[in-house]
Structure formats: structure tokens, C-alpha cells
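Subject: Structure for you to look at

Hello,

Here is the structure you asked to see. My notes on it follow below.

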Amino acid sequence: MADMDRLSRDFFDRNTVIVAKELLGKRLVRVEDGNRLAGYIVETEAYRGEEDLGCHARAGLTQRTSIMYGSPGHAYVYFTYGMHWMLNFVTEPKGFPAAVLIRGILPCEGMDIISNRRKGQPFPRWADGPAKLCQALNITGSLNGTDLCAPNSALFIENGLPQDKISNNHVKVSSRIGLFSVPEPWKSIPWRFVLQMEVNNEPAGR
DNA sequence: AGCACGATTAACT
DNA sequence: GTTAATCGTGCTC
């Protein structure tokens with residue numbers, strides 16, 4: 001039953017760092033024109049609260065950050081560097097601004113569409129970056145605010161790999177990427193999680 | 001109104 | 001390793 005596989009709001013309504021780690025191995029699903037595009041989440045980062053000077057919420061409540069102050073289980077999609085979209089999931093109770101940045105997925109469904117959008121790149125590197133996966137799954141600002149827990153949502157998460165099947169030995173923890181002018185301790189806080197997967201050089205099931 | 005910079009990527013030396 | 005591409009956001013004047 002695919003619907004029982006979908007993560008509910010309770011999953012996101014927890015400490016952001018725990019959610020970021022437990023999102024590893026889950027399956028991100030994008031429904032577009034009736035097609036399922038999907039991939040296993042392999043890299044995440046936690047951004048947590050106004051005191052986290054790496055988090056957009058350091059600026060307080062603004063039009064852009066308001067989604068992070070809302071209910072957990074919604075998509076926060078923002079535009080940066082004049083050309084790239086980034087996908088995040090809002091976490092923690094309403095009123096506390098926090099989100100998990102999805103930094104990489106391993107595509108597993110909709111391979112033809114994804115590979116066409118990522119021309120020139122070899123599998124499994126079609127979506128190994130926060131902007132790359134948004135391009136691969138056609139995620140833009142129109143999906144900002146999407147409720148991941150609503151029926152018929154264009155974006156949601158499925159259980160994917162069972163949590164107890166992911167050994168801590170396969171999860172690499174490090175500081176977050178790209179925070180050049182962010183002061184310590186936020187610059188080095190170990191809130192990045194990477195799932196080390198064994199991957200063939202060819203997509204499965206083709 | 002103007003400015004500096006960004007949770008990046010691809011292409012280059 | 002270095003750099004251009006390219007524009008929304010938040011801050012200062």
C-alpha cells in the first residue's frame with residue numbers, strides 16, 4: 001500500500017537534526033503530469049532557529065522565511081545565486097523556524113525524464129547537489145509551501161529503506177557546505193548527513 | 001534606491 | 001584551483 005508508506009506530519013514535527021539524519025534513505029517523490037519521479041535521499045543538512053546564523057531565519061520573520069515558521073511537513077523552496085532552486089522540508093512545531101535542506105538524491109524512478117534534464121552527466125550523478133536535484137525533478141518556486149502530508153500532493157516522502165537497515169557506519173557526519181561568512185559555532189556545527197551507498201555505474205531496472 | 005552577497009554549478013586554467 | 005553566470009533578499013542610506 002503506497003499510501004501507508006508515506007511519511008506523516010509527526011515525522012517532521014521533531015528536532016531538525018534528528019529529522020535530517022532520519023531522512024537519509026527515504027524516497028523523495030515528485031508527481032509531474034501523472035508521472036512519478038523519485039530518488040533516495042542521500043545528503044541532508046539541518047537549519048535550526050533564529051540563533052543559527054547559517055539559517056535564513058537568522059533574519060527573523062520575513063516574507064521569504066515565513067514558511068519556516070509555519071507547520072512542519074511543508075516544502076520550503078527558495079531561489080539563490082540568480083539561477084538555482086533549493087528544496088527544504090519544514091520541521092519542528094509551528095512557530096519555531098527550521099528546515100532540512102535536501103542536498104542529494106539517488107534517482108530510482110522516472111529515469112528517462114531525469115536523465116534528459118541532466119544531459120551530459122552520468123548516472124549516479126544526475127542529482128548529487130541541491131540545485132541539481134531540483135532541476136532533475138523540476139522543482140521550482142511554484143512548489144514553495146507544498147504540504148508533503150496532503151493527499152494528492154505533487155511532492156511527498158515515502159519510507160524507502162527501513163531505518164534499522166541504515167547503519168551508523170554508513171552515515172557520514174560533517175559541517176554544512178557553503179557557509180563562507182557564517183561565524184562559529186554555526187559554520188562548523190556537524191549538521192550535514194551523507195548516506196554512503198554502494199552504487200553500480202548503471203541505473204537499476206533499465 | 002542602491003548595494004553586497006548568497007544553503008551553487010559548470011566550465012575553464 | 002578559479003571564475004562567470006544572474007537576480008531575489010535583506011540591509012543601509
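How do the residues of the surface near DNA strand C divide into nonpolar, polar and charged? They divide into three nonpolar, two polar and one charged. Here Ala, Val, Leu, Ile, Met, Phe, Trp, Tyr, Cys and Pro count as nonpolar, Asp, Glu, Lys and Arg as charged, and the others, including Gly, as polar.

This is a predicted model, in which local features need pLDDT of at least 70 and side-chain atom pairs count only at pLDDT 80 or more, while totals for chains, interfaces and linings use all residues. Residues are numbered from 1 along each chain as its sequence is written, chains are lettered from A and ligands numbered from 1 in the order in which they are written, and side-chain values use heavy atoms, with hydrogens and water left out.

DNA strand C

The residues around this strand are T62, R64, F79, Y81, G82 and M83; a residue is near a strand if one of its heavy atoms lies within 4 Å of it. Sugar or phosphate makes up 65% of the atoms of DNA strand C within 4 Å of the protein, and bases make up the rest. There are polar contacts here (pairs of N or O atoms within 3.5 Å). The side chain of T62 has an N or O atom 2.5 Å from a phosphate oxygen of DNA strand C. Y81 uses a polar backbone atom, 2.4 Å from a base oxygen of DNA strand C.

DNA strand B

This strand is surrounded by 21 residues, the closest being H56, Y78, H84, N88 and S181. Of the atoms of DNA strand B that come within 4 Å of the protein, 54% are sugar and phosphate. Two of the closest residues reach bases: a polar side-chain atom of Y78 is 3.2 Å from a base nitrogen, and one of H84 is 2.8 Å from a base oxygen. K132 has a polar backbone atom 3.5 Å from a phosphate oxygen of DNA strand B. The surface near DNA strand B divides into nine nonpolar, nine polar and three charged residues.

The core

The largest nonpolar core has 57 residues, of which F12, L23, L28, L87, F89 and I102 touch the most other members. Such a core is a set of buried Ala, Val, Leu, Ile, Met, Phe, Trp, Tyr and Cys residues joined through side-chain atoms within 4.5 Å, where buried means under 20% relative accessible area (1.4 Å probe, protein chains only).

Regards

Key:
A polar contact is a pair of N or O atoms within 3.5 Å; within protein, one must be able to donate a hydrogen and the other to accept it, and residues adjacent in sequence count only if both atoms are side-chain atoms. Buried means under 20% relative accessible area, exposed over 50%, partly exposed in between (1.4 Å probe, protein chains only).
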